[in-house]
Amino acid sequence: MKKIIVLLFAFITSIMADEAVKKVVFDFTSGDLNVFEKKILSGIVHQKNYYEGKLQELQVAVVIHGDAYKLFVKNLQNTQYKNDAALAAKQSEYAKRLESLTDTYEVEFYMCEVGRKAKKLEKNDIYSFMNYVPNSTIGLINKQSEGYAYIPIAR
């Protein structure tokens, strides 16, 4: 009888834990610095804190493609973005904030390999926390199949 009660309790606890976990995948294509700061760097922190305040977990993934590649390059000098003065001025701050998103907030970033190669970006010029997907569509399909809500960020 004790085993049945323990198993029933474990089953109910696991169901309740699953309901507490929210998941979102951002389809991030914007190269606009203001959009990046507002929707990714600040927005994700606010969303994570909101759910934490409700004793729920928010798992966040970001799939990067379109014009967003430049925001995840750690070494601009080897890329087509080397003359982007506005990006260069913010890059040190962005690196710290992105590191915080990955380390503190456990955000997962996925970069489209097709676009990375088309833009001639080497993996050693991209932040080391980056994960890679064959293309953005596959990355988005995979995350949505895992139960992630889809949110596009294009502007």
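## Helix α5 and its surroundings

The buried residues of α5 pack against five strands: β1 (21–28), β2 (57–64), β3 (108–112), β4 (131–133) and β5 (149–153). Here, contact means heavy atoms within 4.5 Å, and buried means under 20% relative accessible area with a 1.4 Å probe, counting protein chains only. This is a predicted model, in which local features need pLDDT of at least 70, side-chain atom pairs count only at pLDDT 80 or more, and totals for chains, interfaces and linings use all residues. Residues are numbered from 1 along each chain as its sequence is written, and side-chain values use heavy atoms, leaving out hydrogens and water.

**The whole protein**

- The protein has 5 helices and 5 strands, taken from DSSP runs (H or I of at least four residues for helices, E of at least two for strands) and numbered from the N terminus.
- From the N terminus on, these elements run α-β-α-β-α-β-α-β-α-β.
- Of its 155 residues, 39% count as buried.
- Among contacts between residues at least 6 apart in sequence, 71% join residues at least 24 apart.

**A closer look at α5**

- Helix α5 spans residues 136–145, and its buried residues are Ser136, Gly139, Leu140 and Lys143.
- These residues lie on the same side of α5 because they cover an arc of only 95° around the axis, judged by the directions from the helix axis to the C-beta atoms.

**The ends of α5**

- At the N-terminal end, Asn135 caps α5, with a side-chain oxygen 3.0 Å from the backbone nitrogen of Thr137.
- After α5 comes Gly147, which has a positive phi near 95°.

Definitions and conventions: Buried < 20%, exposed > 50% of the residue type's maximum accessible area, 1.4 Å probe, protein only. Polar contact = N/O pair within 3.5 Å; in protein donor to acceptor, adjacent residues only side chain to side chain.
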